[in-house]
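Biologist: I would like to go through this model with you, and I want the reason behind each label. Where shall we start?

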Amino acid sequence: MHTNEHTQKAETFIVPIGPQHPALREPGHFEFTIEGEIVTAASVRLGYAHRGIEKGTESRNWVQNLYMLERICGICSHIHATAYCLGVEQLAGVEAPPRAQAIREMVAELERTHSHLLWLGEAAHEAGFETLFMYAWRDRETVMDILEALTGNRVNYSANLLGGVKYDVTGEQASKIEQGLDYLEERTRHYLDVVTSDPVFIQRTRGIGVMTAVQADRLGVVGPTARASGVVRDVRVEAPYAAYTAFPITPVLAQAGDLEARFVVRLRELFESYGVIRRILANLPPGELVLKRMPRRIKAGEAISRVEAPRGELFYFIRSNGSDTPDRVKVRTPTLCNMASVLTLTVGRHLADVPMILVGIDPCFSCNDRGLVLKRGADHEHWTWDRLRQIGLDYYAGERGSGGVGGTSISPAPLPPCPPALLTGMHV
Amino acid sequence: MFGEIVKGLYTTLKHLFQPPVTVQYPEIKRPVRNRFKGRHELKRYENGLEKCIGCALCAAACPADAIFVEASENSDEKRFSPGERYASTYEINMMRCIFCGYCEDACPTQAIVLEKSYELSFYDRASAIYTKEMLIVDVPVNGRSTPQVVEPGIFNRAIPEMEDPK
């Protein structure tokens, strides 16, 4: 027995997970090097759901892109459209009417509610707590119904327009929303009690995947993941957009930095959302829903727009050359920022904790589908753009020299050393 | 620990006696909301004329490139819609459609409306293309079917008088 344990310890395995894996519902490839049960190195490879959306925006007009960018993510679709709308309005030098801004914020907070409840179910499922999974998703139906009544769709709401919103909130709907929120508030209080007191569940969350505030800062994590480590990072507070100046929120913080803190932060954020939705419904500014005139061609320039998606900061860069289509739209989604923390936090933990740590950041792979992350041989180094270019040049030079056909031998000799793990030159 | 487990089991036991939340689709269908965006319909005026004038603005607006419109000339002997032209071919590829409702916004005569039907499934790709016959609504009770023979000079305008913006 003793010797057996000894030999097992000496052996090192690489456990590949994904891109097709029963435990992973979205395509991503992870490689965990394990010694015995302990993870000693981790790497990720993304890009299995690459759809070329950023390039696609360049061949559609400004309004059509609204609908396409909304479909980057099925869960946080409204916030993508909001980020895009705010950026384009900034470029055009216009601002949506206050009522539209308030409705934007309200739909965003409803969306956060549905996203966090979805995540709660997902995380509970990952921890083997199927009852919580079922209950959380049942209650999520309430907010899905509200969103359907408000915008006509359960997902991909299309509530935004350039220069305003499409849908008004009627008095009848407002009372329906209030009712739904009352129910959800009661249920959320119950879930908060469950995740902080159920001893079986706490064994899977307390003290697991601990990320200190310093680590969180260094890894550049965003959203609830950062706030669970005590880092105040919330675009709604730091740089209020839409109606967040009129209807502010207070950031929810936790200091522990473990998985339990992430549960607590997300659930307590729900109360913030309910509160702000109630305030908006009570004091919805009167006026128009949409601007009288929104230009079809947007004047040339560049704009950056940052919003707080349910998972963290969502960043849009939009460049216009004065035509009716954008010149460049760059999207950086929060999951990409948080992915590095998974790789760091899993090292030194048991393999069984890996799914929980991964789900702790609320990963969204379709938001996250970058192209172009290559790995060289056995080491886990990523190739930089310069290095790839050099490889390409060498490849074609070699091919021409050797007479064309079959010239696949790449000579990796005279390359400059490249900095590790640089994720550069990528597209959603 | 034991007490906590009993508490958890009591929670699940309570739910055993509550009515199930599952809707037994397809036997029972949950009603959709008013603003729901389902399958498109091409509308008619009360007299039976088609609202669609074949301008193809919906096709131009469509972000998913799902709509194909071909227009032909109207005449008073063979009138489909008010104005000069009507849609002789109107096809929506339901596999491309993203149900965003932008076609509805673009339509100058409110001819295309996203209605409540959501049961769209096909056995092959060809049947995903909904033709004009499948999309257009039935002729209203007081109306006549198209093409109609009409008095000259009444339906010269593509957007009839009563629909003019005030």
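Modeller: With the area buried between the two chains in this predicted model. Chain A and chain B bury about 2200 Å² between them, and 49% of that is on carbon and sulfur atoms.

Biologist: What makes that figure of about 2200 Å² a buried area for chain A and chain B?

Modeller: Buried area is the accessible area that two parts lose on being put together, summed over both, so the figure covers both sides. On the side of chain A, Q64(A), Y67(A) and E148(A) supply 23% of the area buried against chain B, more than any other three residues.

Biologist: How many residues of chain A and of chain B are in contact?

Modeller: There are 30 residues of chain A in contact with 24 residues of chain B. Contact here means heavy atoms within 4.5 Å.

Biologist: Why is the pair K7(B) and D193(A) called a salt bridge?

Modeller: The N to O distance between the side chains of K7(B) and D193(A) is 3.8 Å. The rule asks for a Lys or Arg side-chain nitrogen within 4 Å of a carboxyl oxygen of Asp or Glu, so the pair qualifies. Across the interface of chain A and chain B, the rule finds five salt bridges. Polar contacts between chain A and chain B come to 18 residue pairs, with both residues at pLDDT 80 or more.

Biologist: Which elements of chain A give two or more residues to the side that touches chain B?

Modeller: They are α3 (62-70), α6 (130-151), α7 (171-197) and α8 (199-205) of chain A. The largest share, eight residues, comes from α6(A). By class, this side of chain A has nine nonpolar, 11 polar and 10 charged residues.

Biologist: Now the sheets. Why are β6 and β8 of chain A said to stand at the edges?

Modeller: The three strands form an open, antiparallel sheet in the order β6-β7-β8 of chain A. β6 (301-309) and β8 (326-332) of chain A each have a single partner strand, so one side of each is left without a neighbour in the sheet. On average, neighbouring strands of this sheet are turned by 15° against each other, direction ignored.

Biologist: How do you know that β6(A) and β7(A) pair?

Modeller: Pairing needs at least two bridges, and β6(A) and β7 (residues 312-320) of chain A have nine, in the antiparallel sense, so they pair. For example, V307(A) has L314(A) in β7(A) as its bridge partner. Helix α4 (residues 77-92) of chain A packs on this sheet and touches β6, β7 and β8 of chain A; its direction makes about 150° with that of β6(A).

Biologist: What makes β2(A) and β3(A) a pair?

Modeller: β2 (residues 29-35) and β3 (residues 38-45) of chain A are joined by seven bridges in the antiparallel sense, against a minimum of two, so they count as paired. F30(A) stands opposite V44(A) in β3(A), and E35(A) has I38(A) as its bridge partner. Their hairpin has two residues between the strands, and G36(A) takes a positive phi near 65° there.

Biologist: Which helix lies across β2 and β3 of chain A?

Modeller: Helix α13 (residues 334-346) of chain A does, running at about 160° to β3(A).

Methods. Residues numbered from 1 in each chain as written. Chains lettered and ligands numbered in written order. Predicted model: local features only at pLDDT ≥ 70, side-chain atom pairs only at ≥ 80, totals over all residues. Heavy atoms only, no water. Buried area = accessible area lost by both parts, 1.4 Å probe. Polar contact = N/O pair within 3.5 Å; in protein donor to acceptor, adjacent residues only side chain to side chain. Helix = DSSP H or I, 4+ residues; strand = E, 2+ residues; numbered from the N terminus. Nonpolar A, V, L, I, M, F, W, Y, C, P; charged D, E, K, R; others polar. Axes fitted to C-alpha atoms, helices over the stretch in contact; angles between N-to-C directions.
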